[in-house]
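Student: Before we begin, may I put some questions about how the terms are applied?
Tutor: Please do; each reply will set a value against its definition.

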Amino acid sequence: MDLLTTTAQKSSFAVKTAITVNGSLHELEIEPWTSLLDLLRERLQLTGSKKGCDHGQCGACTVLVDGVRVNSCLCLAVMHDGADVTTIEGLGSETNLSPMQQSFVDHDAYQCGYCTPGQICSAVGMLHEGHAKTEDDIREQLSGNVCRCGAYPNIVAAVKHLMASGQEGTR
Amino acid sequence: MNNFEYVHADGLESAATFMAGHAEAKFIGGGTNLVDLMKYNVEKPTALVDLNRLSLREVEEMPDGGVRIGALVTNSDVAYHSLISARYPLLSRAILAGASAQLRNKATTGGNLLQRTRCVYFYDTAVPCNKREPGTGCPAKEGVNRSLAILGTSVACIATHPSDMCVALAALGATVQVTGSKGDRSIPFAEFHRLPGDQPEIDTTLQHGEVVTSVDLPAIGFAGHSAYVKVRDRQSYAFALISVAAGLELTDGLITQAGVALGGVAHKPWRNAQLEQELLIGKPANRDTWHIFQQALLAGAHGFGENDFKLKLAPVTVVRALEQAAHEGAQA
Ligand SMILES: Cc1cc2nc3c(=O)[nH]c(=O)nc-3n(C[C@H](O)[C@H](O)[C@H](O)COP(=O)(O)OP(=O)(O)OC[C@H]3O[C@@H](n4cnc5c(N)ncnc54)[C@H](O)[C@@H]3O)c2cc1C
Ligand code: SF4
Ligand code: FES
Ligand code: FES
């Protein structure tokens, strides 16, 4: 049973919100206290984005909102009326990986994989921002993504490879 | 998180009217502090007024030579804005030393000013805390206080203001522009945040319902000689234990203008403009000057156990920041 929908029907606080996720428009009634992360995972069944801490401390929930990387756990979904959200599922699929996803595979840039969707969305956002020039810059600007397996050296290698190729990581 | 109503502010007047009728309502900017605190039930607003449709997103030059930063400009957009990085590198560096890229992309200028302390007791509704629940006590004084204040503390509270951006704004001598049902006000940065005294639940001099509309920077940005030194437990994505923002203008080795502020030591960015006048202006830019100034600026500092190390760390950080500002120019 979809708990969120059930309570939403009862709630007088719910707000009409139109939100595009990975190219599909969703017109929803959302309770104001629903985070963007919970909307994605619980209601839209997009479980690629992970809930590591739910408090902005780990980066596992990183998605792109209008191309900008943010922590979806600290975003209220109702504040994203009209927004265009891209999650890991929107970057590529198992049979058609985006360049950043492929680079993570090629560089063995994950162990358990829990932080990986956030790492990849964050890295794509970082290349789009265009402020990272060196390996140290990559480390600093990806510091908002914690990897408890410690796959950092290979994550940096994967991102550096793509940065050097001049690609942005999306298709 | 409690249930709450969500509304958009479509204008500053309607926002003020709504707030006047809702004592427990709060504004929301990026939400990176407020949503976090709501998840812990520390903040329990009955309504959120979303400011994001207001046109407060410009960074613009002012007739007086200064720069106005709209309250909704994100921390990232401020830090990387060409006017800011060229003329106020101190501010760019302080912002980029804080939080993570994702958080800076979301956090707004207004919200950063009004973020609340990271004192662990403040975050834990199972324990007393005078800031969260006035009159319940302050367990931090004899407890976990490693990150807390050494200056300007009160019997009631020893919390620190956690912002990096605000330390640079204090050193620059910014002005906070606000508007509310009683009209517009300009608040000098030194008067925006307050010391805890016997009302630690009040962080700033902003009144309920007043919106921060912009932060205005003065014409002098210390672009030639400034430094932001942040000491923390890890090199990135950690709050400051101590930070120092220092800006100088020098002529023939003598100091003609100065702004020095500390973070991580008090309930507000710690600056003393009078001491700068007396002990820095007209003096040679050397270690003797920094040492005399540091001693006066930190006079009366005292620790609470875990944070005693700050009594040694603060003086050397002030000296290092001033030395860097004088000799290395705009370096972090
Ligand atoms: C894991 C983590 C690490 C962090 N590390 C750092 C760090 O190292 N250094 C640092 O400086 N910060 C750090 N931060 C804090 C971050 O900088 C703040 O959360 C952010 O600046 C708050 O801005 P916001 O727009 O998201 O505020 P919001 O959460 O939207 O609002 C905060 C407060 O400001 C009020 N408000 C917002 N805008 C206005 C306005 N225009 N007028 C009146 N009131 C307003 C709201 O009502 C609320 O009370 C960290 C945060 C997290 C979660
Ligand atoms: S220092 Fe301030 S915020 Fe921390 S427990 Fe004491 S009263 Fe609360
Ligand atoms: S789940 Fe959002 S930052 Fe950890
Ligand atoms: S791969 Fe396991 S947390 Fe990063």
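Student: How many residues line the second largest pocket, and which of them lie nearest its centre?
Tutor: This is a predicted model, in which local features need pLDDT of at least 70 and side-chain atom pairs pLDDT 80 or more, while totals for chains, interfaces and linings use all residues. Residues are numbered from 1 along each chain as its sequence is written, chains are lettered from A and ligands numbered from 1 in the order written, and side-chain values use heavy atoms, without hydrogens and water. The second largest pocket is lined by 31 residues, with Asp136(A), Glu140(A), Arg232(B), Gln235(B) and Ser236(B) nearest its centre.

Student: Why is this called a pocket, whereas other spaces are called cavities?
Tutor: On a 1 Å grid over the protein atoms alone, a cavity is a set of points where a 1.4 Å probe fits but cannot get out, whereas a pocket is an open set with protein on both sides within 12 Å along at least five of seven lines; lining residues have an atom within 4 Å of a point. The pocket holds about 1100 Å³, a volume being the space filled by probe spheres set on points joined across faces, edges and corners. The search of the whole structure finds 3 cavities of 30 Å³ or more. About 80 Å³ lies in the largest cavity and about 50 Å³ in the second largest.

Student: Which helix gives the largest share of the lining of the second largest pocket?
Tutor: Helix 6 of chain A does, with 6 residues, helices (H or I, at least four residues) being DSSP runs numbered from the N terminus.

Student: What makes ligand 2 an occupant of the largest cavity?
Tutor: A molecule sits in a cavity if more than half of its atoms lie within 2 Å of its grid points; ligand 2 sits in the largest cavity. Of the 13 residues around ligand 2 (a heavy atom within 4 Å), Cys119(B), Cys129(B), Cys138(B), Cys157(B) and Ile158(B) come nearest.

Student: How do the residues around ligand 2 divide by class?
Tutor: They comprise 11 nonpolar, 1 polar and 1 charged. Cys and Ile count as nonpolar, so the five nearest to ligand 2 belong to that class. The lining of the second largest cavity has no nonpolar, 4 polar and 3 charged residues; among them are Arg116(B), Lys131(B) and Asp203(B).

Student: What area do the two chains bury between them?
Tutor: Chain B and chain A bury about 2600 Å², 57% of it on carbon and sulfur atoms; this is accessible area (1.4 Å probe) lost on being put together, summed over both. Tyr6(B), Gln102(B) and Tyr237(B) supply 25% of the area that chain B buries.

Definitions and conventions: Helix = DSSP H or I, 4+ residues; strand = E, 2+ residues; numbered from the N terminus.
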